[in-house]
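Work through the exercises below with the model open. Try each task before reading its solution.

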Amino acid sequence: REEDNNADAPFFKIILIGDSGVGKSNLLSRFCHNKFTLEFNSTIGVEYTTKTLTIDGHPIMAQIWDTSGHTKVRSITDAYYRGAAGALLVYDVTRHITFVNTHKWLADLRNHADPNMVVTLVGNKSDVRQSVMVSTEVGKSFAEKESLYFVETSALRATNVEQAFTDLVANIYRNQV
Ligand code: GDP
Ligand code: MG
């Protein structure tokens, strides 16, 4: 875990949620360190990384939390949700079940999190074109129905990763000013 210092900047807690293996940890490492790993290292416990972004000319600190999604018990502790201003709800476009499960993750969020939380639905692994099981249209229309932002990403190719995090933080910031 690492932090940078920008003590005066407003700061937002962002959480990554979604099934195990969808690419949460790689989205985070791509965004924060421009790194991708082929191994599947399940995240142990909960960790966060802090990154300062510039939104509308203002420095904003994003404290981004990642957790292991590998336990069968989907109920994450309230502490994970507590104080979160935004969430990236991630599924894997090549595994339909991970999209189905976003419905449960969303229900969880709505039970535990701040109702004003800004949520982006993220269809990750958009690089694996030949085995897409969840089309862009299906992802997008679910997001619209649930009033979520929507983006498809590839942590592998670094497609839309920066945008997913930056737009989320910008939307949180603009809701508050
Ligand atoms: P997490 O359990 O949600 O944190 O998922 P990980 O970030 O650990 O990724 C799980 C597996 O998917 C790893 O083998 C990664 O290399 C792979 N992966 C993650 N993102 C992508 C992506 O955008 N494209 C492809 N092709 N594989 C990915
Ligand atoms: Mg992980």
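Two residues are in contact if their C-beta atoms, placed from the backbone, lie within 7 Å. Helices (H or I, at least four residues) and strands (E, at least two) are DSSP runs, numbered from the N terminus. This is a predicted model: local features need pLDDT of at least 70, side-chain atom pairs count only at pLDDT 80 or more, and totals for chains, interfaces and linings use all residues. Residues are numbered from 1 along each chain as its sequence is written, while chains are lettered from A and ligands numbered from 1 in the order in which they are written.

**Exercise 1. Describe how α1 meets α6.**

Step 1: find the residues. Leu27, Arg30 and Phe31 in α1 meet Val161, Glu162 and Phe165 in α6.

Step 2: sort them by class. This contact has four nonpolar, no polar and two charged residues. Ala, Val, Leu, Ile, Met, Phe, Trp, Tyr, Cys and Pro count as nonpolar, Asp, Glu, Lys and Arg as charged, and the others, Gly among them, as polar.

Step 3: get the geometry. Two packed helices are described by the angle between their axes and the distance between the axes. The axes of α1 (residues 24-33) and α6 (residues 161-176) come within 9 Å and cross at roughly 85°. Axes are lines fitted to C-alpha atoms, for helices over the stretch in contact, and angles run from 0 to 180 degrees between N-to-C directions.

Step 4: name the arrangement. Angles under 35 degrees count as roughly parallel, over 145 as roughly antiparallel, 65 to 115 as roughly perpendicular and the rest as oblique. α1 and α6 are therefore roughly perpendicular to each other.

**Exercise 2. Which helix gives the most to the shell around ligand 1?**

Step 1: count the shell. Ligand 1 is surrounded by 19 residues, with Gly23, Lys24, Ser25, Asn26 and Leu156 the closest. A residue is near a molecule if its C-beta atom, placed from the backbone, lies within 6 Å of it.

Step 2: assign the helix. α1 gives the most, with three residues.

Step 3: sort by class. The shell has six nonpolar, 10 polar and three charged residues.

**Exercise 3. Place β5 among its partners.**

Step 1: check burial. A residue is buried if 20 or more other C-beta atoms lie within 10 Å of its own, exposed if 12 or fewer, and partly exposed in between, with C-beta atoms placed from the backbone. In β5 (residues 118-124), seven of seven residues are buried.

Step 2: split the faces. In a regular strand the side chains alternate between the two faces of the sheet. Val118, Thr120, Val122 and Asn124 lie on one side of β5, Val119, Leu121 and Gly123 on the other, and all are buried.

Step 3: find the partners. Two strands pair if DSSP finds at least two bridges between them. β4 (residues 84-92) joins β5 through seven bridges, running parallel. Gly86 stands opposite Val118. β5 joins β6 (residues 149-153) through five bridges, also parallel. Leu121 has Phe150 in β6 as its bridge partner.

**Exercise 4. Do the same for β1.**

Step 1: check burial. Six of the seven residues of β1 (residues 11-17) are buried, so this strand is largely enclosed by the rest of the structure.

Step 2: find the partners. β1 pairs with β3 (residues 58-67) in the parallel sense over five bridges. Lys13 stands opposite Gln63 in β3. Five bridges join β1 to β4, which run parallel. Here Ile17 stands opposite Leu89.
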